[in-house]
Structure formats: structure tokens, C-alpha cells
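Me: Got a minute to go through this one with me? I'll put it up here.

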Amino acid sequence: MEKIQTPYYLIDKSRLLHNLQTIKRVREQSGAKLLLALKCFATWSVFDLMRDYMDGTTSSSLYEVKLGREKFGGETHAYSVAYADHEIDAVVANADKIIFNSISQLGRFADRAGGLSRGLRLNPGISSSSFDLADPARPFSRLGEWDPEKIAAVLDRVNGFMIHNNCENADFGLFDRMLNQIEEKFGGMFSRIDWISLGGGIHFTGDGYPVDAFCDRLRAFSLRYGVQVYLEPGEAAVTRSTTLEVTVLDTLFNGKDIAIVDSSVEAHMLDLLIYRESARMTAVTGDQRYMICGKSCLAGDIFGEFTFDHALKPGDRISIEDAAGYTMVKKNWFNGVQMPSIVVRELDGSLRVARAFSFEDYLSSLS
Ligand SMILES: Cc1ncc(COP(=O)(O)O)c(C=O)c1O
Ligand SMILES: NCCCCNCC[C@H](N)C(=O)O
């Protein structure tokens with residue numbers, strides 16, 4: 001096979017499988033159903049593998065619901081911060097459950113939900129987010145209903161609840177304590193519904209996570225209230241499965257050694273800029289330190305500073321870790337920078353270019 005032109009996202013199915021096997025274990029041991037959060041990862045070329053290990057998908061918009069139904073299958077949950085009048089029928093036609101963000105949306109659209117099971121998002125007012133931007137419990141948050149009295153008044157109109165308050169939470173103790181608080185606040189209503197989704201943001205596929213204790217906690221919760229528990233992993237499902245493969249185009253010294261690569265943080269790993277985080281690379285011992293920068297015009301288009309065991313030169317290849325969650329779903333055509341192809345390393349080790357992007361794709365993204 002010819003060398004694949006960078007930049008490209010490289011999804012390694014055997015690394016993905018590692019997470020999926022933990023997901024399978026959680027399903028079996030806890031009785032919970034696990035749905036892929038498409039907002040985090042929607043690269044459907046690897047759904048053939050993922051669907052064997054997960055129960056379906058959850059979504060944030062009409063297009064995600066349709067993608068989940070069409071490309072993943074299984075159980076399809078629809079959630080949206082706010083549904084529009086003109087899209088609700090299509091959402092209902094493509095979903096198995098519909099979750100409303102507010103009592104007012106439930107009131108407006110419940111009668112158009114047909115035979116679908118209906119859910120309401122609850123906001124417990126606590127979260128594990130260390131970023132105000134991603135904190136669903138931030139002051140004045142619009143994400144879900146807070147008041148148990150108001151929620152109790154519409155209980156006869158819903159079959160389930162969705163509570164998403166974990167964010168990059170690798171601490172089981174914190175998960176457990178927050179769930180206790182949720183039970184104290186809303187537990188009185190839990191026996192009166194059929195299912196509860198505890199959302200995403202739980203990093204149970206990470207090294208050393210106490211998976212047994214996690215499963216026991218979920219199973220006990222489910223039995224206590226007689227509810228089907230759902231989880232909505234995004235990041236946990238795809239973490240460490242994907243790299244962004246780039247090539248050095250130029251090097252220069254401006255007080256620091258700098259290497260410019262054929263990619264852009266703003267266009268291809270936008271979350272890093274949004275949350276002001278550094279990219280990750282496999283650690284190399286060496287004494288050549290470089291600031292790895294993107295090729296867009298943005299002065300702060302910087303992946304981070306990394307150490308190498310050799311001097312970088314044009315043509316050298318660099319592999320940036322953790323390029324699955326919240327990357328491909330956010331890629332854009334800023335500066336007209338070549339959009340990375342999507343390449344899959346199959347379980348037998350062969351590489352497949354699932355998608356390559358061209359000037360025509362750039363053209364058709366605008367008019
Ligand atoms: C309702 C809901 N479910 C699931 C997720 C997925 O979270 P993560 O990718 O952190 O697991 C999110 C993240 O925004 C969410 O808002
Ligand atoms: N790595 C920086 C923080 C990322 C936060 N992810 C945001 C999405 C998340 N699922 C959420 O709850 O908003």
C-alpha cells in the first residue's frame with residue numbers, strides 16, 4: 001500500500017476494542033445499558049465494531065438521532081437542549097426514547113411523542129467538572145430541571161430521567177458520593193419511573209478504575225428503585241484509540257525550537273484550544289525540545305511542547321495522541337487547511353482509508 005498522505009486521524013480498532021471489552025463487562029456485571037454519546041464521537045466507519053459491544057446511541061440533535069438510527073442501530077435515544085417545532089416529528093420517527101430538557105418542552109411536545117418512552121433531564125446542582133464552560137451544574141445552568149416539587153408534578157407524563165453531571169470523572173469515590181446526593185434529592189421519585197440514564201463523563205475505561213465496585217454500585221441502584229440504568233459514554237468509549245498523524249513542514253528558532261506541522265489545532269483538535277490544554281504525545285526521552293505548531297495563521301495555534309531524541313526536520317512524522325473524542329466531530333475548514341483523512345487500522349493490522357477530503361468538500365461547506 002502506498003504511504004498515506006498526512007494529515008490523518010488514525011483509529012486503531014484493537015485499541016478501541018480494549019475500551020469496548022470494559023464496556024461489555026460493565027453491561028454484563030451491572031445490568032446497565034450503554035449508549036454511545038454521538039456528540040463525542042460520530043465516526044461511523046467503526047460502528048461495525050462498536051455496535052457489537054454497545055446497546056445503541058444517544059444524541060443531541062435531529063441529525064445525531066438520524067445518524068444513530070441509520071449507522072449504529074440498537075436503541076436510539078433522542079435528547080436535545082431544545083427541540084424545534086419543525087424537527088420534532090422527524091426526531092420521534094427516528095428514536096426509541098425521547099428526553100426533554102425542560103418541563104416546558106415536555107408540555108409542548110409530549111403529545112407528539114407518539115408511542116415513545118418519554119424522559120426528562122434532571123439537574124442535581126452538583127458536578128465533577130473542573131471547567132466552568134463544561135459544568136452542567138454551573139450557576140443559572142439551562143441543562144435540566146432542578147426543583148423536585150415541579151418535577152413531581154409532571155411524573156405522570158414521563159417514564160424516565162436523564163442526569164448528566166459527571167465530566168472527565170476518573171474518581172469512583174466522587175461518582176459514588178455524587179450519586180448519594182442525587183438519591184437524597186430526587187430518590188423519592190425514582191421508584192415511580194422505569195429508567196434512569198446517568199449520562200456520560202465517567203472514565204471507567206481508564207487504567208486502575210475500580211470496575212467491580214462501579215458495577216456493584218450501578219446494580220444496587222437499579223435494584224433499589226426497580227429501574228433500568230443507562231450510561232452514555234463518549235470519551236470513555238474511545239479514549240486512547242486514535243492518533244492524529246502529521247508531518248513536519250518547517251522548523252525555526254525564535255527563542256525556542258519550533259516545528260510547524262501540516263495540521264492545525266484550531267481546525268483539527270479544537271477542544272485543546274477551547275479548554276486551553278496541551279496535546280499529548282507518547283513520552284520520548286531526549287534533549288531536543290520543540291514547540292509543535294499548526295499551520296494556520298492563528299498565533300496561538302500550538303499543540304504543545306514535546307521532547308524528541310533527534311532534531312526535527314521537514315518530512316518527519318509526528319503522532320498526536322487522544323484524537324478521538326471531541327475532535328473529528330469538531331473539525332472545520334479554518335484557513336482552508338487540508339482536512340485530515342480518516343484512516344482505520346483494522347483488527348488484522350491492515351490500514352483502510354475510510355474517508356479523504358478534497359477541495360470539493362471545502363467548496364461544498366460554503367457557498
Ligand atoms: C447528556 C450527555 N451525555 C453524555 C455525554 C458524554 O460525555 P463524555 O464524552 O464525557 O462521556 C455528554 C457530554 O456532553 C452529555 O452532555
Ligand atoms: N478536556 C477538557 C474538558 C472537556 C470537557 N468535555 C465536554 C463535554 C462533556 N461531555 C460535557 O459534559 O459537556
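Reply: Sure, let's take the ligand and then the packing.

Me: Any ground rules before we start?
Reply: This is a predicted model: local features need pLDDT of at least 70, side-chain atom pairs count only at pLDDT 80 or more, and totals for chains, interfaces and linings use all residues. Residues are numbered from 1 along each chain as its sequence is written, chains are lettered from A and ligands numbered from 1 in the order written, and side-chain values use heavy atoms, with hydrogens and water left out.

Me: OK, which residues are around ligand 1?
Reply: Ala37, Lys39, Cys40, Met162, His164, Gly200, Gly201, Glu232, Pro233, Gly234, Glu235 and Tyr326, counting a residue if one of its heavy atoms lies within 4 Å.

Me: And which backbone atoms lie 2.7 Å or 2.9 Å from an oxygen atom of the ligand?
Reply: A backbone N or O atom of Gly201 is 2.7 Å from a ligand 1 oxygen, and one of Glu235 is 2.9 Å from a ligand 1 oxygen. Lys39 uses a polar side-chain atom, 2.8 Å from an oxygen of ligand 1.

Me: How much of ligand 1 does the protein cover?
Reply: 87% of the 400 Å² of accessible area it has on its own (Shrake-Rupley method, 1.4 Å probe).

Me: Switching topic: what does Met50 touch?
Reply: Leaving aside neighbours within four places in sequence, Met50 is in contact (heavy atoms within 4.5 Å) with Leu16, Leu20, Leu36, Phe41, Phe72, Ala237 and Val238.

Definitions and conventions. A polar contact is a pair of N or O atoms within 3.5 Å; within protein, one must be able to donate a hydrogen and the other to accept it, and residues adjacent in sequence count only if both atoms are side-chain atoms.
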